[in-house]
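Trainee: I'd like to learn how to read a model like this one. Could you walk me through it, feature by feature?

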Amino acid sequence: MSAAPERLDRFMQRANAAYYATCDPFADFVTAPEIAQAFGEIIGAWAAVMWQAIGAPSTVLLVEAGPGRGTLMADALRLASRVAPDFRRALHLHLLETSPRLRRLQAAALPDASPTWHDTLESLPDGPMLLIGNEFLDALPIRQLVRTATGWLERHVAGGGFVLCETDLAPFSLPGRSVAPGEVVEVCEPGQAIVRALAGRLARSPGAALFLDYGPDRPGTGDTLQALRDGSPAPPLQEPGRADLTAHVDFPTLRAIARAEGAAVYGPDGQGGFLSALGLFARTERLAQGRPPEQARALVDAAHRLAAPDRMGRLFKAMALCHPSLGVPPGFTRTPDSEPAT
Ligand code: SAH
């Protein structure tokens with residue numbers, strides 16, 4: 001590692017690439033599809049309904065960004081085979097994944113799906129597309145700017161800590177946000193680029209994208225970089241590659257970018273309301289039927305963990321980008337132009 005200060009996003013990129021290449025992320029943190037199979041099933045049902053909404057094309061790209069172990073997609077495809085076999089036959093699975101190690105796990109989890117893997121969105125073929133991303137955007141590298149009395153400086157990493165350096169992001173303006181000296185503002189350039197490209201594509205051709213992730217629905221400031229190791233917070237700047245680094249997703253900025261590109265945007269809405277509206281608890285009850293009591297209880301607990309406001313139900317959000325001619329997607333209640341509720 002060089003002694004020169006490294007810009008935070010480059011540090012985070014390097015640390016996470018090493019982390020996903022060598023560690024088992026799911027020993028360190030647990031994601032929604034690993035908590036409850038109903039989660040992936042609900043996403044599969046959502047995709048099937050959206051396929052109908054875009055006119056049930058005879059072929060459609062089903063894309064997952066950052067599929068982890070492939071659990072969400074395995075649950076989604078199993079459900080689709082059962083309740084929407086025409087959709088299952090029409091879909092071609094494409095996975096956006098940079099980690100060779102996770103690609104191998106995904107291949108093993110999806111033995112009948114013949115996925116095509118991609119490093120970036122650019123190599124996806126044209127055509128109607130449905131894209132899912134659960135806890136994908138939060139893993140993308142962020143930059144952190146610090147307001148000073150006279151302008152902005154940018155956080156770099158050196159010797160396991162932050163140092164402030166000059167920034168080329170200036171002049172840096174934040175519409176609707178007043179930032180006091182000393183405060184930190186985060187910018188996720190790859191997340192913005194992905195949403196811009198996707199929204200542009202969805203403005204022109206049929207389809208929709210659904211992101212589930214954690215972050216606020218109002219513009220905010222502050223350092224949200226976090227590292228998890230063995231399920232507990234760890235120092236994010238030490239031992240790069242040994243812990244999973246994530247940051248809050250800046251939904252308001254992504255929403256504004258997607259709207260400017262011409263996509264209809266729904267949410268961000270709380271994950272709890274979204275999953276409940278799509279039948280999380282009804283599905284959980286079905287799965288619990290006939291099981292021994294402790295297994296049935298564990299299924300219900302898992303659903304509460306995903307949906308309860310004091311657990312993952314409020315901090316986690318759902319946001320959809322849609323082709324503008326589509327109606328309100330399942331699970332969302334507001335029109336694309338209304339602002340998120342407080
Ligand atoms: N969606 C999964 C995994 C979330 S972890 C789940 O819910 O369990 C983040 C995932 O995004 C991992 O699969 C990781 O390898 C992938 N990832 C991180 N950065 C990426 C990038 N720049 N391009 C593609 N995939 C990336």
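Mentor: Sure. Let's start with a helix check: the expected span of a helix is 1.5 Å times one less than its number of residues. Keep in mind that this is a predicted model.

Trainee: So how does that work out for helix H12, residues 293–307, and what span should its 15 residues have?

Mentor: At 1.5 Å a residue, H12 should span 21 Å, and its end C-alpha atoms are 21 Å apart, so the two agree.

Trainee: Which residues of H12 are buried?

Mentor: Buried means under 20% relative accessible area. In H12 that goes for Ala-296, Leu-299, Ala-302, Ala-303, Leu-306 and Ala-307. Look down the helix axis and these buried residues fall within an arc of 125 degrees, so they line one face of H12.

Trainee: And which exposed residues sit on the face turned away from that buried side?

Mentor: Pro-293, Glu-294 and Arg-297.

Trainee: What do the buried residues of H12 pack against?

Mentor: Other helices: H3 (32–35), H4, H10 (271–277), H11 (280–288) and H13 (309–313).

Trainee: Let's move on to the cores. Which residues of the largest nonpolar core touch the most other members?

Mentor: A nonpolar core is a set of buried residues of certain types joined through side-chain atoms within 4.5 Å. Here the largest has 54 residues, and Trp-46, Leu-62, Phe-87, Leu-93, Leu-130, Leu-210 and Leu-306 touch the most other members. Helix H4, residues 37–53, gives the most to this core, with nine residues. Apart from it lies another core, of 41 residues, including Leu-96, Leu-140, Cys-188 and Leu-254.

Trainee: What is Trp-46 in contact with, leaving aside its neighbours within four places in sequence?

Mentor: Quite a list: among them are Ile-132, Leu-210, Phe-274, Leu-278, Pro-330 and Phe-332.

Trainee: Now Gln-13: buried, partly exposed or exposed?

Mentor: Gln-13 has a relative accessible area of 46%, so it counts as partly exposed. You'll find Gln-13 in helix H1, residues 8–22. In sequence, Gln-13 and Leu-245 are 232 residues apart, yet in space they are 9.1 Å apart, C-alpha to C-alpha.

Trainee: Last one, the ligand. How many residues surround it, and which are closest?

Mentor: There are 16 around the ligand, and the closest are Thr-31, Gly-66, Gly-68, Glu-97 and Asn-134. For polar contacts, look at pairs of N or O atoms within 3.5 Å. A nitrogen atom of the ligand lies 2.6 Å from a backbone N or O atom of Gly-66. On the side-chain end, an N or O atom of Glu-97 is 2.5 Å from a ligand oxygen atom, and one in the side chain of Asn-134 is 2.7 Å from an oxygen atom of the ligand.

Conventions. Residues numbered from 1 in each chain as written. Predicted model: local features only at pLDDT ≥ 70, side-chain atom pairs only at ≥ 80, totals over all residues. Heavy atoms only, no water. Buried < 20%, exposed > 50% of the residue type's maximum accessible area, 1.4 Å probe, protein only. Helix = DSSP H or I, 4+ residues; strand = E, 2+ residues; numbered from the N terminus. Contact = heavy atoms within 4.5 Å. Arc of directions from axis to C-beta. Near = heavy atom within 4 Å. Polar contact = N/O pair within 3.5 Å; in protein donor to acceptor, adjacent residues only side chain to side chain.
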